[in-house]
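Visitor: Please bring up the model. I have some questions about packing, charge pairs and symmetry.

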There are 2 protein chains.
Amino acid sequence: MTNYGQQLIELSLKNWDGHVKRAHDFFSKLSDEQLELEVAPGRNRALYLMGHLIASNDYLLPLLGLGERLYPELEAYFIRIPDKTKTDYPLAAELREKWEYLHARLAERFATLTIEDWLSRHTSVSEEDFAINPTRNKLNVLLSRTSHISYHLGQLALVQV
Amino acid sequence: MTNYGQQLIELSLKNWDGHVKRAHDFFSKLSDEQLELEVAPGRNRALYLMGHLIASNDYLLPLLGLGERLYPELEAYFIRIPDKTKTDYPLAAELREKWEYLHARLAERFATLTIEDWLSRHTSVSEEDFAINPTRNKLNVLLSRTSHISYHLGQLALVQV
């Protein structure tokens, strides 16, 4: 009977992989110059959203108990700070490389988690709060980060290349 | 052991409900006049995306084997046809009512599905194709439709009220 759980985890991981691939394919289609295009006049650049997704997805490592973030230095540029407020953004080539490396590492580490792990609490919820609301588990974080990619893919689709 | 499967289905349904609520809350905050605003100059109006999400989510009924669509007449306005190509769009009040009614019916019918149902093939995949790729199941359709809401929520966030 446990294979139901296994099937469901695999489905969620496949869904994650599909979203990472869609975003990767989108960014790969754009030249470094095109990454400077905004999703709408005066709004975020594609490059900013690429950095934002790397910095956000990097948090999955500590949140899922899989280690430290790989690129904590990206937070100052791409998390909770609007685009075009800094003068020294990382170059597109650097972000492309970090995208690849991070998502390959995430895939490797996700593969080490069991169903029990996925249903255990994520690291930013206390044991007390988790006892009250057991849906605050690691799989929920994965679903939420998958949806977060989709949210920004919708915006990236507006870029007029 | 089967309770793993149950927990995972509940998590996916909660994730769906959360996305429906976020979209509902967004549309409720906008006046009928504000629903005419575009997500970016010349792009889809918020009203169009509301109709698009109703028409798309309505397909969950036949796809999950839960009955016929409630509002097939919306397809001609909101599916595979760009915004602003018709002259007689449904009024905001009508769409608000259909949004509420549809999502309440979906929630009721989702509650009747068992884990076995969620892992069974959705109705647009043949038995042969499902045998080759068993991830083409009903839960996968739900995950994909959840992500679809998020995709358009990202665009709606760009509306400048």
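The questions and answers below go through these topics in turn.

Visitor: How are chain A and chain B related?
Guide: This is a predicted model. Chain A can be laid on chain B with an RMSD of 0.0 Å. The operation is a turn of 180 degrees with a shift of 0.0 Å along the axis. The two copies are therefore related as by a two-fold rotation axis.

Visitor: What share of the interface residues of chain A are also interface residues in chain B?
Guide: The copies meet through the same surface. That follows because the share is 100%.

Visitor: Which residues touch the most other members of the largest nonpolar core?
Guide: In soluble globular proteins, nonpolar side chains tend to be buried together. Here the largest nonpolar core has 102 residues. The ones touching the most other members are Phe27(A), Phe110(A), Trp118(A), Phe27(B), Phe110(B) and Trp118(B).

Visitor: Which residues does Trp118(A) touch, not counting those up to four places away in sequence?
Guide: Trp118(A) is among the core residues that touch the most other members. Its contacts include Asn137(A) and Lys138(A). The full list is Ile9(A), Leu13(A), Leu64(A), Phe110(A), Leu113(A), Asn137(A), Lys138(A), Leu139(A) and Leu142(A).

Visitor: How many salt bridges does the structure hold over all chains?
Guide: One of them joins the side chains of Lys21(A) and Asp25(A), at 2.7 Å from N to O. Another joins Arg96(B) and Asp32(B). Over all chains the number is 20.

Visitor: What separates Lys21(A) and Asp25(A) along helix H1 of chain A?
Guide: Helix H1 of chain A covers residues 3-29. Lys21(A) and Asp25(A) are 4 residues apart in it, so the separation is about one helical turn.

Visitor: Which parts of chain B does the pair Arg96(B) and Asp32(B) link?
Guide: Their side chains meet in a salt bridge of 2.9 Å, N to O. The two residues are 64 residues apart. Arg96(B) is in helix H5 (residues 92-110), and Asp32(B) is in the loop between helix H1 and helix H2.

Visitor: Are Arg45(B) and Asp83(B) buried or exposed?
Guide: These two side chains form a salt bridge at 2.7 Å, N to O. The pair links two loops of chain B, 38 residues apart. Buried means under 20% relative accessible area. Arg45(B) has 8% and Asp83(B) has 7%, so both are buried.

Visitor: Which residues are linked with Arg45(A) in a network of salt bridges?
Guide: The network lies in chain A. Its other members are Glu36(A) and Asp83(A).

Note on methods
Residues are numbered from 1 along each chain as its sequence is written. Chains are lettered from A and ligands numbered from 1 in the order in which they are written. This is a predicted model: local features need pLDDT of at least 70, side-chain atom pairs count only at pLDDT 80 or more; totals for chains, interfaces and linings use all residues. Side-chain values use heavy atoms; hydrogens and water are left out. A nonpolar core is a set of buried Ala, Val, Leu, Ile, Met, Phe, Trp, Tyr and Cys residues joined through side-chain atoms within 4.5 Å. Buried means under 20% relative accessible area, exposed over 50%, partly exposed in between (1.4 Å probe, protein chains only). Contact means heavy atoms within 4.5 Å. A salt bridge is a side-chain nitrogen of Lys or Arg within 4 Å of a carboxyl oxygen of Asp or Glu. Copies are superposed by least squares on the C-alpha atoms of residues with pLDDT of at least 70 in both.
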